[in-house]
Amino acid sequence: MTAIAIRPRIDERTVTAGTTPRFALLIVLIVVSSVDLMRTLNSTADQSLAWWGCRLAAGVDPAQKDRTVMLGEVSQADAYHDCMIRYALPPWWQPLGWPVLLAIVALLVFWVLPRWKTRRTVPLAAVDHDGEISWAVAELAATIGLRRFPRVVVDPAAASTGAVVFGRDGRSVLCLHGGLVASRVHDPGRFRAVVLHELAHIDNRDITISYATIALWRAFLFAMVLPSTGMLLVTLPNSLRSPYWSTYAPAATRNLLFVVVLCALVYLARSEVLRTREIYADLSAARWGADPDGWQAPAAPVRGRARRALDRFRDLWRTHPCWEVRRWALADPEILFRVAAMPMFLTGVAAALINNRIWMYAKQYRLAGGWNDQLVALTAASLVAGVAGVALWRAVAHALLTGRPAPSGVRGGAWLGVGMAFGHLLAGQEVISDWLPESPYYLVLVVLAGMAFAWWTSQCAQVWITARHGRPVSRLLLVGLPSAALVMSGWFTWWHGGGALLAAGWPFDPDQIRALLERTVTGPAPGHRNVLTGVAAMIPVVASMTKVPLILVQVAVLWLVPLAAWVARSSSGGVAPSAPGLPPLRLAVLPGVLGGILCWDAVVWTQAYLHPLRPDTEQGWALYQILYTAWLFVALVGPAAPAALLAGALNPRHRLVSTLIAAEVAVLAGFAGMVVLVSTDGCVRPLAVLGSSCGSRLPAAWSTVELLLTPALVIAAVCGGVAAVLVGLLSRVPRPRRGRAAAPAWSAGGTALRRIVVGALVSVAMLVTISEVALRLHERAAPESQAVSRMLPPAPAVAVSAETKRMQIASWERYGGRGLLGRFSTEMDKLIAAMQVSIDTASNGRVDISPARAACVAIGGFGRDAERYFRVPDAEGDESWQRYIALIRQGSRNCVEAVDRDDHTLFYASVDQLEDALRTGIVLIRRLNTLHPGGL
């Protein structure tokens, strides 16, 4: 067979291989999934029943769709979470013990595995009587400069001409197969190639990570997957007997499917890491002089399309790449720098599951919301950046260093987005009791997010590698990867707070919000219905932005990180000489400046338009201010689109980053002019909107426009991305061929001016960003449940069957109602006992009421707990329950006040109120017994 010509165009070690982040992704996925899987083992039968019991107590009908179920939960979020924590969930620390068990089992497997592999081996000296084999191996180890010589053993029973290394880095074992030892004399080339390949694993420090991956997979399979699957199968018959099995079926199916997909995901990720290590070992051995013919098999015969597809599918599950791939990699390591579909898809699925499972755990124990969500999202996003981000940077670096066109990354990003969408469906966050989300088309946003992330990451890599040509790419990753992680974390955080709710069918109805605005504000609302409709549509969007604490930081990173490349100091060498440099910075900044000027004109037009509409009385000012704010927002955001389109047309090679820079510069420049114009409102009579006299109104102007800045910067970033896509599509339209001007080269001239411009833009952007983040840090945010509840309309009354009503009442009693009613009776007994002692010991006929204070305070605390509990899932019963709570709260307050003032008249009146509450409680109990015979 003819030897393969090895023509590596660049050293494959130019950029990190990225297998360590993949291993980290695998570890985090297994740890997070083990907590989720083993929760079923921690749950008792009563806890499993309470999962739906708390929903029934909240008045949820299991037969209804997801929207109704969620409304029932969120409208009584505090009571629902209290019920779940008390009855349905194990202690928060208990599920966290399973990763510890997993680590112990994995360490045990890792320790036992090398000893198991050496059970049939003998020392090399037992078969190498003349020492020639030992000398040959030592010579090869010395040739490559191996610092620590491995222990060499032989497996006499292995007839193959191969070898394997195992153990761990620093204490490795090289096992030569008997067939390889026997063939050393007549086929020394193969012996040399095989040994060099295995020594390359040692030199590349592959052993620990490879066998840790294997140990972790086996520990996960036997210690986590099998027990949890067994528990799911054991509980399945009880679920089948439930009258609501149709409701349980989607969730039960997803749970079983989750286990299967998780196993496949972990195994595929494990195999992909090990395959990559094998190719790097091949290249290292070839670089040291190994003949690839020594370890490669002959080329396979040409097969049909179906057989090739089947072979490719089987190759995904193998820990060693096929010989065809290994030959390609030896001929040109370009295959190592491709953004492959499967790793991107696996990364998307794993990141979505990690983000969802950690977030769900935090939400169940009331730890979700705000900065905690941001931290969870940053964890998952860092793993995406470490795997997908490294792959994209490697692809761009290889293309630029070899003079090839830089890839856009969009195709790989599409696979990343599809993986994230699949992960969301598998996790079931957007689905509760159905097979698919109520609005599944919103998952398209997830795919687009993956594409946008990959495109932006590739563009950042392109501008930075071009600007800093000659610098090691690994150093540039210190800028690129944290930026990519921060940007991706913004998407994950927003999805939990907004996107997932939209996919689940969350009732953000602009018509309802507009009707609420029309009822709230005064003025000629029908004449401005279109404006109010636009405001109503923007309110949910802006509300979802508040869920992302670092949203302005993430938007700033989108355009400031690539912008900083224009002032990066260059050095010689590196990028292919034919590769053009960065275009002039003005092609991206000047369109933004022009957009800012256009914004000023739009503000002036807005003021001139609204001046004649000023209301003559105070009655219409609320609506007038809404109109003014809405038009100011349009004036601020509108010019960002044409600025981005112009920048994208002027910078075809760096289209996305150019449109982002132009759009954000347009908003910042426009905002600065807007503040000046609004603060001087009244100085020009035809433009007077809120003011009637000239003078500086900077504080009032800032309070008017400050709320517009965050949504304007976010929407400007979206406009930049859309503009880049539109310009790209228009550029594909066939046009008459003309002479094409050469791409503008990046010269060293004007460096000082560029630095001044970039420094000014960065300073303004960071000042705005830091100010907004500081305000958020000092804001006292409401609890997550309350914040979500305020965004939703009240849960509608749903007619339910008699059986469902009975189960709702039974759950209301079981999960707190019965205890609350009995607790009030106990507290009243204490009050009566205290008063009886006072009456028995009274002197001069005057009763001391001070001993009753403790009982009155306790009754007040009970009233607060009862108010926090679920409403009765019955209209007539809830009416009695609300009156019962009101009487208790009023009676306890009067009782405490009477004792403090020594007012006997008020005290006895409060006792009458509490006795009236007792009678109301009896009426409630009778109603509940009617609905649920044999209950209370």
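**Exercise 1. A disulfide between two helices**

Task: Starting from C83, whose relative accessible area is 3%, establish which cysteine is its disulfide partner and how the link is placed in this predicted model.

Solution: With a relative accessible area of 3%, C83 falls under the 20% limit and therefore counts as buried. The partner is C54, and the sulfur atoms of C54 and C83 are 2.0 Å apart, which lies within the 2.5 Å cut-off for a disulfide. The angle about the S-S bond is -80°, and the link of C54 and C83 is left-handed. As C54 belongs to helix α3 (residues 45-57) and C83 to helix α5, the pair ties together parts that are 29 residues apart in sequence. C54 is likewise buried, its relative accessible area being 0%.

**Exercise 2. The other disulfide**

Task: The structure holds 2 disulfides; describe the one formed by C856 and C895, including the helices in which the two cysteines lie.

Solution: The sulfur atoms of C856 and C895 are 1.6 Å apart in the model. C856 is found in helix α30 and C895 in helix α31, so this pair ties together parts that are 39 residues apart in sequence. Both C856 and C895 are buried. C895 also appears among the members of a nonpolar core of 52 residues, together with Y869, L887 and A898.

**Exercise 3. Two salt bridges and their surroundings**

Task: For the salt bridges D82 with R868 and D206 with R277, determine which parts of the chain are linked and whether the partners are buried or partly exposed.

Solution: The structure holds 15 salt bridges. In the pair D82 and R868, the closest N and O atoms are 2.5 Å apart. This pair links distant parts of the chain, with D82 in helix α5 (residues 77-88) and R868 in helix α30 (residues 853-868), 786 residues apart. D82 has a relative accessibility of 29% and therefore counts as partly exposed, and R868, at 38%, also counts as partly exposed.

In the pair D206 and R277, the closest N and O atoms are 2.6 Å apart. D206 lies in the loop between α9 (188-203) and α10 (207-240), while R277 lies in helix α11 (residues 245-287), so the pair ties together parts that are 71 residues apart in sequence. Here both D206 and R277 are buried.

**Exercise 4. A buried arginine without a salt bridge**

Task: R275 lies in helix α11 and has no salt bridge; work out why its nearest side chain of opposite charge does not count as a partner, and list what R275 touches.

Solution: Side chains of opposite charge can pair when their charged atoms come close. For R275, which is buried, the nearest side chain of opposite charge is E272, 5.4 Å away. Because a salt bridge requires the nitrogen and the carboxyl oxygen to be within 4 Å, E272 does not qualify as a partner of R275. Leaving out residues up to four places away in sequence, R275 touches D315, L316, W317, R318, T319, H320 and P321.

**Exercise 5. Positive phi in two loops**

Task: Locate R205 and D902, two residues other than glycine with a positive phi, and classify each as buried, partly exposed or exposed.

Solution: The phi of R205 is near 55°, and R205 is placed in the loop between α9 and α10. With a relative accessibility of 54%, R205 counts as exposed. The phi of D902 is also near 55°, and D902 is placed in the loop between α31 (875-901) and α32 (904-931). At 40% relative accessibility, D902 counts as partly exposed. The side chains of R901 and D903 meet in a salt bridge, at 3.3 Å from N to O.

**Exercise 6. The nonpolar cores**

Task: Identify the residues with the most contacts inside the largest nonpolar core, the helix that gives the most to this core, and the surroundings of W456.

Solution: In soluble globular proteins, nonpolar side chains tend to be buried together. The largest nonpolar core of this model has 138 residues, and those with the most contacts inside it are F220, W456, I465, F492 and M674. Helix α18 (residues 473-503) gives the most to this core, contributing 15 residues. Leaving out residues up to four places away in sequence, W456 touches S483, A484, V487, V557, L558, P562, L656 and L660. Apart from this core lies another, of 52 residues.

Terms used
Residues numbered from 1 in each chain as written. Predicted model: local features only at pLDDT ≥ 70, side-chain atom pairs only at ≥ 80, totals over all residues. Heavy atoms only, no water. Helix = DSSP H or I, 4+ residues; strand = E, 2+ residues; numbered from the N terminus. Buried < 20%, exposed > 50% of the residue type's maximum accessible area, 1.4 Å probe, protein only. Core = buried A, V, L, I, M, F, W, Y, C linked by side-chain atoms within 4.5 Å. Contact = heavy atoms within 4.5 Å. Lys, Arg positive; Asp, Glu negative; His and termini not counted.
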